[in-house]
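Dear colleague,

Please find the structure below, handed over for your use. My notes on it follow directly after.

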Amino acid sequence: MDKLIITAAICGAEVTKEQNPAVPYTVEEIVREAKSAVDAGAAIVHLHVREDDGTPTQSRERFKECIDAIYKECPNVILIPSTGGAVGMTAEERLQPTELMPEMATLDCGTCNFGDDVFENTMPIMRAFGKRMLENNIKPEYECFEMGHLDTILTMAKKGQVPAHPMQFNFVLGVPGCTPATVPNLCWLVNNIPAGSTWTVTGIGRHAFPMAAAGIAMGGNVRVGFEDNLYLERGVLAKSNGELVAKVVRIAKELGREIANSDEAREILSLRKR
Ligand code: KMH
Ligand code: ZN
């Protein structure tokens with residue numbers, strides 16, 4: 001079994017300081033949270049950025065400021081900027097971080113309910129995002145919130161509309177209105193990806209650590225972080241993303257799975273050199 005790659009989704013676009021005061025907004029806070037996650041064992045940081053007042057933004061300038069500041073503290077980390085942004089943003093807004101030529105970026109694999117909202121990823125939007133990632137030599141992390149998203153993205157890969165071989169999937173399970181976070185659902189997804197692909201599981205809310213444990217046992221990779229879950233355990237807010245990552249490291253150690261550093265993660269994910 002490969003070593004375990006832990007991704008920290010440190011910020012997200014939806015969670016707020018009212019829900020957990022440690023949610024980062026400013027550049028300094030984002031760097032603090034990225035560093036806490038990397039120091040605890042994360043090889044990858046999935047990045048959203050905010051204005052200082054917490055408003056989610058996909059501004060190229062704000063991404064650049066945050067990425068440069070994170071690399072100063074964590075020079076080797078793999079950064080996966082979001083192209084999902086926040087519900088309601090235009091495709092053009094969302095694509096801005098791909099202009100910075102990151103090693104990887106998310107590519108969301110279909111429209112879905114998102115709590116009370118609809119997260120829109122139409123075929124034309126996905127084709128535009130795939131084209132950009134092909135042109136800019138960016139490896140996508142294919143985010144599937146729904147079972148059907150897998151079929152959609154595999155069809156696009158067959159048509160050459162998105163980068164393929166090897167593909168990296170992130171199965172985000174338990175978003176209200178999307179595929180529930182259960183082990184059978186995760187098994188179905190994992191059993192239907194092309195040979196040679198890699199995958200990560202993300203459990204939303206109280207599903208974060210049960211899904212992490214399943215991913216560790218099944219030989220996949222794990223994402224945790226404030227974007228997905230604010231609690232270390234029932235009723236106990238996490239004080240940092242590092243605390244969430246450290247809990248995954250403890251579970252992995254108990255189950256005998258070693259943790260990948262960023263260079264090892266680059267090998268496992270077949271990433272180009274930054
Ligand atoms: N904020 C969600 C609506 C991504 O990063 O690519 C979408 C999201 C996905 O977080
Ligand atoms: Zn995200």
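Setting aside neighbours within four places in sequence, Ala37 is in contact with Ala8, Ile10, Ala42, Asn241, Gly242 and Val245, where contact means heavy atoms within 4.5 Å. Ala37 belongs to helix α1 (residues 27–40) and is buried, at a relative accessible area of 0%. Buried here means under 20% relative accessible area, exposed over 50%, and partly exposed in between, with a 1.4 Å probe and protein chains only. Between Ala37 and Ser240 there are 7.9 Å in space, C-alpha to C-alpha, although the two are 203 residues apart in sequence. Helices (H or I, at least four residues) and strands (E, at least two) are DSSP runs, numbered from the N terminus.

Two remarks on conventions are in order. This is a predicted model, in which local features need pLDDT of at least 70 and side-chain atom pairs count only at pLDDT 80 or more, while totals for chains, interfaces and linings use all residues. Residues are numbered from 1 along each chain as its sequence is written, chains are lettered from A and ligands numbered from 1 in the order in which they are written, and side-chain values use heavy atoms, with hydrogens and water left out.

The zinc site

The zinc ion (ligand 2) has as its protein donors His46 (NE2), His48 (NE2) and Glu227 (OE), at 2.1 to 2.2 Å. Donors are N, O and S atoms within 2.8 Å of the metal (3.2 Å for Na, K and Ca); water is not among the atoms, so sites may look incomplete. The sequence spacing of the donor residues is H-x1-H-x178-E. Distant parts of the chain are thereby linked: His48 sits in the loop between β2 (44–47) and β3 (49–50), and Glu227 in the loop between β12 (221–224) and β13 (231–233), 179 residues apart. His48 is buried, with a relative accessible area of 4%, and Glu227 is buried as well, at 18%.

Strands and crossovers

Strand β11 (198–203) has 6 of its 6 residues buried. Thr198, Thr200 and Thr202 lie on one side, and Trp199, Val201 and Gly203 on the other. In general, the side chains of a regular strand alternate between the two faces of the sheet.

β11 pairs with β10 in the parallel sense over 6 bridges; two strands pair if DSSP finds at least two bridges between them. Within this pairing, Phe171 has Val201 as its bridge partner in β11. From β10 the chain crosses through α6 to β11, in a right-handed β-α-β crossover. Right-handed means that, with the strands pointing away from the viewer, the path from the first strand over the helix to the second runs clockwise.

β11 and β12 also run parallel, joined by 3 bridges, and Thr200 has Asn221 as its bridge partner in β12. The crossover from β11 through α7 to β12 is again a right-handed β-α-β crossover.

Elsewhere, β2 and β5 run parallel and are joined by 4 bridges, with Ile78 in β5 as the bridge partner of Ile44. From strand β5 (residues 78–81), Ile78 and Ile80 point one way and Leu79 and Pro81 the other, and all are buried.

Helix α6

Which residues of helix α6 (residues 183–191) are buried? They are Asn185, Leu186, Leu189 and Val190. These residues lie on the same side of α6 because they cover an arc of only 130 degrees around the axis, the arc being that of the directions from the helix axis to the C-beta atoms. Pro184 and Asn191, on the other side of α6, are exposed. The cover over the buried residues includes α5 (147–158), β10 (168–173), β11 (198–203) and α7 (208–218). At the N-terminal end of α6, Thr182 acts as a cap, with a side-chain oxygen 3.1 Å from the backbone nitrogen of Asn185.

Backbone geometry

Most residues other than glycine have a negative phi, and most peptide bonds are trans. The peptide bond from His165 to Pro166 is cis, with omega near -15 degrees; Pro166 is in the loop between α5 and β10. Asn137 is not a glycine, yet has a positive phi of about 55 degrees. Asn137 is in the loop between α4 (123–135) and β9 (139–144) and is partly exposed, at 49% relative accessibility. Ser270, in the segment after α9 (262–268), has a positive phi near 50 degrees and is partly exposed at 45% relative accessibility.

With kind regards

Methods. Polar contact = N/O pair within 3.5 Å; in protein donor to acceptor, adjacent residues only side chain to side chain.
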